[in-house]
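Reader: Could we go through this one together? I would like to begin with the aromatic side chains and then change topic.
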Amino acid sequence: MVGLPDTIVTHPLLQCTRCSSSLEDTACQGYERRQVFDLPQPRFVVTEHRTEKKCCPHSHSLEQATFPSEIRGPVQFGQGIAAWTVYLSMYQMLPLERIGQLFADLTGHRPSKATLLAHLQTMHTKLIPHEQAVRDQLLASPVGHADETSVKVEGRNHWLHTMSTAN
């Protein structure tokens, strides 16, 4: 059990089960507690970004602030969708069609395959330096374990080669 639940629902005792007397005005002497852990209903949290427009009192030109570099279009999916896309694709090994369908089923919004692929490409690009660091550590290790396993790609069998160390 957790000490501070998000919601507390009190079920009142309104009458005695033996004599049917009203207990509505009787002080409570304590509670028996039970907790239910559940996931919230998924929904998108929409953040609107606004850039200020101002007229310069000196040059009389209309100026506008700039959006952060990651805010590229009028509407886009955020980092949470990107993270879930990478997790569902790379760890849970779901195809893009099923990832898009999952988002549609849960939220009513379905990212396109191109959007999902863009998220995967962005993450791949960000991980290249880390991949190189891991590769360097593997190659520097005096002992390594190599293995191969098959994986289906578009219905065809491919071989996946892996290498690891105790670390």
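Reader: How many aromatic pairs does the structure hold?
Author: This is a predicted model, and the structure holds three aromatic pairs. In one of them, the rings of tryptophan 84 and tyrosine 87 have their centres 5.7 Å apart and their planes at 85°, which is over 60 degrees, so this pair counts as edge-to-face.
Reader: And where do tryptophan 84 and tyrosine 87 lie?
Author: Both are in helix α1, three residues apart, which is about one turn of the helix.
Reader: What about the rings of tyrosine 87 and tyrosine 91, how do they pair?
Author: Their centres are 5.7 Å apart and their planes stand at 20°, under the 30 degrees that serves as the limit, so the pair is stacked. Tyrosine 87 and tyrosine 91 also both belong to helix α1, four residues apart, again about one turn of the helix. Taken together, Trp84, Tyr87 and Tyr91 form one aromatic cluster.
Reader: Is tyrosine 91 buried or exposed?
Author: Tyrosine 91 is exposed, at a relative accessible area of 62%, whereas tyrosine 87 is partly exposed, at 36%.
Reader: Changing topic, which residues make up the largest nonpolar core?
Author: There are nine residues in all: Ile81, Val86, Leu88, Leu94, Leu96, Ile99, Phe103, Leu116 and Leu120. The elements giving two or more residues to this core are α1 (79–91), α2 (96–107) and α3 (113–140).
Reader: What is leucine 94 in contact with, leaving aside its neighbours within four places in sequence?
Author: With those neighbours set aside, leucine 94 is in contact with Leu88, Ser89 and Ile99; of these, Leu88 and Ile99 are also listed in the largest nonpolar core.

How values were computed:
Residues numbered from 1 in each chain as written. Predicted model: local features only at pLDDT ≥ 70, side-chain atom pairs only at ≥ 80, totals over all residues. Heavy atoms only, no water. Core = buried A, V, L, I, M, F, W, Y, C linked by side-chain atoms within 4.5 Å. Buried < 20%, exposed > 50% of the residue type's maximum accessible area, 1.4 Å probe, protein only. Contact = heavy atoms within 4.5 Å. Phe/Tyr/Trp six-rings, centres within 6.5 Å; stacked < 30°, edge-to-face > 60°.
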